[in-house]
Amino acid sequence: MQFEKTELVIPAEYIDCYQHVHYSDYLKIFENARSAFFERRGIHLGNWQELAGIRAVTRHIEIEYIRELREGDRIDINTAIMRVGETSFTFYHALVREGETVATCKQVFVMTNSAREKMALPYDFRAKLLA
């Protein structure tokens with residue numbers, strides 16, 4: 001896997017009553033890294049939906065919490081495409097603080113058409129994922 005890095009300083013709004021990042025905010029961090037990954041590759045899901053009714057919908061999310069994160073922590077979110085199938089693709093993310101992995105995430109997306117049926121990944125989309 002070839003990783004792309006997104007940097008983040010943990011903001012106050014992610015902190016819960018235990019003074020660390022709330023578990024649900026890890027997903028926001030991963031989603032922001034996925035969006036940055038798409039942006040760097042020129043993938044704009046809104047355009048695909050608008051032009052052809054094509055959507056990438058979440059099928060599965062798996063997060064492993066290894067160490068806590070606190071406000072002000074500087075992290076790298078390392079993102080890669082783990083797998084590209086006929087109708088789906090899988091992201092892998094690793095949150096790294098000072099060289100130590102503190103959380104990982106696998107996200108599986110399925111491509112659907114305007115009737116919300118599974119469909120093959122369009123060639124252009126697949127090519128951009130694998131670029």
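Me: Is Phe-3 buried, partly exposed or exposed?
Reply: This is a predicted model, so the value comes from its coordinates. Buried would need under 20% relative accessible area and exposed over 50%. Phe-3 has 39% relative accessibility, so the class is partly exposed.

Me: What kind of aromatic pair do Phe-3 and Tyr-92 form?
Reply: Two values describe a ring pair, the distance of the centres and the angle of the planes. For Phe-3 and Tyr-92 the centres are 6.1 Å apart, and the planes make 65 degrees. Planes over 60 degrees apart get one particular label. So this pair, at 65 degrees, is edge-to-face.

Me: How many residues apart are Phe-3 and Tyr-92?
Reply: Phe-3 sits in the segment before β1 (4-9), while Tyr-92 is in strand β4 (residues 88-97). The pair links distant parts of the chain, and the separation is 89 residues.

Me: And Tyr-92, is that one buried or exposed?
Reply: The cut-off for buried is under 20% relative accessible area. Tyr-92 comes in at 18% relative accessibility, so Tyr-92 counts as buried.

Me: What is the geometry of the pair Phe-37 and Phe-91?
Reply: Here the ring centres are 5.1 Å apart. The planes lie at 85 degrees, so the pair is edge-to-face.

Me: Which parts of the chain does the pair Phe-37 and Phe-91 tie together?
Reply: Both rings count as buried, Phe-37 at 1% relative accessibility and Phe-91 at 0%. They are 54 residues apart in sequence. Phe-37 and Phe-91 lie, respectively, in helix α1 (residues 23-40) and strand β4.

Me: Which residues join Phe-37 and Phe-91 in a cluster of ring pairs?
Reply: A search of the whole structure turns up 10 aromatic pairs. Some ring pairs link Phe-37 and Phe-91 into a cluster with Phe-38, Phe-89, Phe-109 and Phe-125.

Me: How far apart are the end C-alpha atoms of α1?
Reply: The helix has 18 residues, and at 1.5 Å a residue it should span 26 Å. The distance in the model agrees with that: 27 Å.

Me: Which residues of α1 are buried?
Reply: Buried takes under 20% relative accessible area. The aromatic ones in the list include Phe-37 and Phe-38. In full, the buried residues of α1 are Asp-25, Tyr-26, Ile-29, Phe-30, Ala-33, Arg-34, Phe-37 and Phe-38.

Me: Which residue after α1 has a positive phi?
Reply: The phi in question is near 75 degrees. It belongs to a residue that follows α1, namely Gly-42.

Me: On to charges: what is the N to O distance between Arg-40 and Glu-4?
Reply: Arg-40 is in helix α1 and Glu-4 in strand β1, 36 residues apart. Arg-40 is partly exposed at 43%, whereas Glu-4 is buried at 18%. Their side chains meet in a salt bridge, with an N to O distance of 2.5 Å.

Me: Which residue is linked with Glu-4 and Arg-40 in a network of salt bridges?
Reply: The structure holds eight salt bridges. In the network with Glu-4 and Arg-40, the other member is Arg-41.

Me: Where do Arg-97 and Asp-73 lie?
Reply: The two form a salt bridge, with the closest N and O atoms 3.0 Å apart. They tie together parts 24 residues apart in sequence, because Arg-97 lies in strand β4 and Asp-73 in the loop between β2 and β3.

Conventions:
Residues numbered from 1 in each chain as written. Predicted model: local features only at pLDDT ≥ 70, side-chain atom pairs only at ≥ 80, totals over all residues. Heavy atoms only, no water. Phe/Tyr/Trp six-rings, centres within 6.5 Å; stacked < 30°, edge-to-face > 60°. Helix = DSSP H or I, 4+ residues; strand = E, 2+ residues; numbered from the N terminus. Buried < 20%, exposed > 50% of the residue type's maximum accessible area, 1.4 Å probe, protein only. Expected span 1.5 Å × (residues − 1). Salt bridge = Lys/Arg side-chain N within 4 Å of Asp/Glu carboxyl O.
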